[in-house]
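Reader: I work at the bench and would like a close look at one part of this chain. Could you take me through the central sheet strand by strand, and say what lies against it?

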Amino acid sequence: MGDSSDRTKTLVTLIMPVLNEAETLQKVGESLKSAVLICQDRYQFEIVFVDNGSTDGSIQMLASIQQLLIQLSIKVKLIEESDRGKGNSVRRGIKISRGAIVVIIDADDEYDLLELNSLLGTYESEQCKLLLGSRHLGTFSARSFIGAPVLSRYFNLGHWIFTKYFNKVFRTNLTDPATMWKLMCGETVRQFNLIGNGFELDWELVAYFARSGTIPFEY
């Protein structure tokens with residue numbers, strides 16, 4: 001049972017789409033637990049895991065993480081669905097979210113979940129409706145795919161071109177619209193008619209906010 005002081009805390013919904021992430025889920029689960037505990041003095045959490053048809057044991061690991069978090073009085077929902085794409089999983093999570101702040105998190109350990117506390121603090125201090133945790137703020141940090149240098153070059157070139165085009169169309173000045181770290185106003189994002197089923201949803205989310213008059217804040 002949650003403490004009565006939870007009523008004064010901001011509710012944050014964390015959405016994590018999963019597809020065959022068994023190799024990283026144990027570490028991500030530990031990082032998620034630590035991140036939530038660090039923030040619990042100011043925030044209460046609900047977490048939505050959406051498994052996208054994993055076949056490598058990810059769903060069993062998610063169930064174990066769910067039980068661990070429930071023991072810490074954290075509300076957790078575990079949704080199983082067929083392979084419909086990451087974007088569809090995120091949309092499913094947004095639809096059932098209740099948080100004043102909605103945050104997308106990743107299951108592949110690319111991002112440091114312990115940054116959540118700092119990002120939430122910045123989101124509230126800046127009074128923004130969309131905060132992007134940029135991977136390229138200041139300088140462009142190229143991504144590298146082990147054993148695939150050509151893919152790495154094409155990926156980074158494509159990201160740079162799409163970002164330039166996005167900024168021109170939506171009159172923004174962003175460095176990393178496609179970042180996973182998105183902290184969003186729950187009331188606002190739940191009103192959007194999102195349709196993306198794949199990774200294009202990362203761009204669609206930012207586009208919707210920009211079209212609604214929101215100036216995304218990068219940190």
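Author: What follows looks at the sheet, with one strand in closer view, and then at a helix. The model is a predicted one, and its chain carries seven helices and seven strands, which from the N terminus on run β-α-β-α-β-α-β-α-β-α-β-α-α-β.

The seven strands form an open sheet with mixed pairing, in the order β3-β2-β1-β4-β6-β5-β7. Its edges are β3 (75-80) and β7 (217-218), each of which pairs on one side only. Helix α2, residues 58-71, packs on this sheet and touches β1 (10-18), β2 (43-51) and β3, and the direction of α2 makes about 165° with that of β3.

The strand that repays a closer look is β6, which has β4 and β5 as its neighbours in the sheet order. Towards β4, residues 101-104 of that strand are joined to residues 182-185 of β6 by four bridges, and the two strands run antiparallel; within this pairing, Val 103 has Leu 183 as its bridge partner. Towards β5, which spans residues 130-132, the pairing with β6 is again in the antiparallel sense, over three bridges, and here Leu 132 stands opposite Lys 182. Strands of a sheet pair in this way through backbone hydrogen bonds, either parallel or antiparallel.

Which way do the side chains of β6 point, and are they buried or exposed? In a regular strand the side chains alternate between the two faces of the sheet. In β6, Lys 182 and Met 184 point one way, whereas Leu 183 and Cys 185 point the other way, and all of them are buried. Lys 182 is thus a buried residue that also faces Leu 132 across the pairing with β5.

Towards the end of the chain comes helix α7, residues 200-211, whose twelve residues reach 16 Å from first C-alpha to last, close to the 16 Å expected at 1.5 Å a residue. Nine of those twelve residues are buried, so α7 is largely enclosed by the rest of the structure; among them are Leu 201, Trp 203, Leu 205, Val 206 and Phe 209, and also Asp 202 and Glu 204. Just after α7, Gly 213 takes a positive phi of about 100°.

For the chain as a whole, 50% of the 219 residues count as buried, and the exposed surface is about 11,400 Å², of which carbon and sulfur atoms supply 52%. Among contacts between residues at least 6 apart in sequence, 77% join residues at least 24 apart.

Definitions and conventions: Residues are numbered from 1 along each chain as its sequence is written. This is a predicted model: local features need pLDDT of at least 70, side-chain atom pairs count only at pLDDT 80 or more; totals for chains, interfaces and linings use all residues. Side-chain values use heavy atoms; hydrogens and water are left out. Buried means under 20% relative accessible area, exposed over 50%, partly exposed in between (1.4 Å probe, protein chains only). Contact means heavy atoms within 4.5 Å. Accessible areas come from the Shrake-Rupley method with a 1.4 Å probe; for residues, only the protein chains shown count as cover. The expected span of a helix is 1.5 Å times one less than its number of residues. Two strands pair if DSSP finds at least two bridges between them. Axes are lines fitted to C-alpha atoms, for helices over the stretch in contact, and angles run from 0 to 180 degrees between N-to-C directions.
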